[in-house]
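Dear colleague,

Please find below the structure that I am handing over to you. My notes on it follow directly after.

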Amino acid sequence: NLLSVDRVTDTEEGGNQLQVAVSFPAIDPDAKQQREVLHTTSKTLKGARIRLSRQTHRLLVSGQLRNVLIGQSLARTGIWEHIDMLNRDPSMGQRIQLTVVEGKAIDVITGNYPQNPKAGTFIHQLVEKEAKTHTIPEVNLYHFMRDYLDDGIDPALPIIKKVGERVQTNGIALFRGDRYVARISPDKGLLFAMLRDNIKQGELSMDLSEKGTEETLMLSSIASKRNIRVKRLHPLLPKFEVEIQLDAKGSLLEYIGPLSLQNNEDQLKLEKKMEQYIKQEADALLAYMQKNRADSIGIGQYVRNSLTYQEWKKLEWNEVFPKVKITTRVKVKIKNFGKVQ
């Protein structure tokens, strides 16, 4: 129920090859290993499947596949032809998770995890759980293909990493087309989610400390709404100004600092500080995406909606996106202060 795909060079057959591994539960309940792992090399996934089938007496089918792990090297060279091949397989479900692995994907699939011997189930549940709190996006085959084929947004995938005898999430992979071009660190995951869509649940830790003053907090149960407006600055030239409005509400779970949260004025001061913090972080994140020409929050969709079909088709959005002036406005409301008082 777990498939890994890596890019390898200098194989016996010459040229670039795919290193493909598959993991599935062992039939014998008394077996020392609760899963079997097969691996091979081939130029295509279909060719790999035929070679893997020769290694087992069991029938290999795609119906129970839960997650496809894509090695970092392959992700950076482009993955569309392999994703398209998965999609064309009628036995392959559209809800299969896609995940980028920092390093080699085969190292994750062949790893020994004493606390989580069923690696496929564990990784599937790990990604699902983290996606619910918006630290990473949960992306299946359908989502990736939808964003790749949409010329107004670029795909994004979660990243996982093998650390000793554990696997952990390790940020978000931003794609330009089908190539992995930049990484967002795990602590920026919620901000990315807020810029990408409306969210209903999340937690955000903020360090508001200044010289000589320590001030940190945890905002929990965050619900936010995103609104994007596009203004065309020239009737003929591709010049645009984009305003992103973020409205967030949450519960203050933890606060360490000089303000007295029983005081209404201090409560308002804290909300203003949080607004400044989120705006600063969001601006930096947007500048990073523009630098890497990865429009993973879909600003292009809104620009496209402001143009005629002919105007959009003439526009090279991939070249225009880094030059767009983006302004963020943030409004934060603390719903309750819990036991902080």
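The buried residues of helix H3 pack against several elements of this predicted model: strands S2, S4 and S5 (97–101), together with helices H1, H2 (72–77) and H6 (141–149). Helix H3 itself covers residues 80–88, and the buried residues in question are Trp-80, His-82, Ile-83, Asp-84 and Leu-86.

Two of these neighbours, S2 and S4, also serve as pairing partners of strand S1. Strand S1 spans residues 2–8 and is mostly covered, with 6 of its 7 residues buried. With S2 (residues 17–25), strand S1 pairs in the antiparallel sense over 7 bridges; within this pairing, Val-5 has Val-20 as its bridge partner. With S4 (residues 67–71), the pairing of S1 is parallel and runs over 4 bridges. There, Leu-3 stands opposite Val-68.

Helix H7, at residues 189–196, is likewise mostly covered, since 8 of its 8 residues are buried. Among them are Gly-189, Phe-192 and Met-194, as well as Arg-196 at the end of the residue range.

As regards confidence, the chain has a mean pLDDT of 89, and 92% of its residues reach 70 or more. The lowest confidence in the chain is found in helix H1 (residues 45–53), with a mean of 84. Helix H1 is also one of the elements against which the buried residues of H3 pack. Confidence is highest in strand S8 (residues 179–184), at 97.

Yours faithfully

Definitions and conventions:
Residues numbered from 1 in each chain as written. Predicted model: local features only at pLDDT ≥ 70, side-chain atom pairs only at ≥ 80, totals over all residues. Heavy atoms only, no water. Buried < 20%, exposed > 50% of the residue type's maximum accessible area, 1.4 Å probe, protein only. Helix = DSSP H or I, 4+ residues; strand = E, 2+ residues; numbered from the N terminus. Pairing = 2+ DSSP bridges. pLDDT = per-residue confidence, 0-100. Contact = heavy atoms within 4.5 Å.
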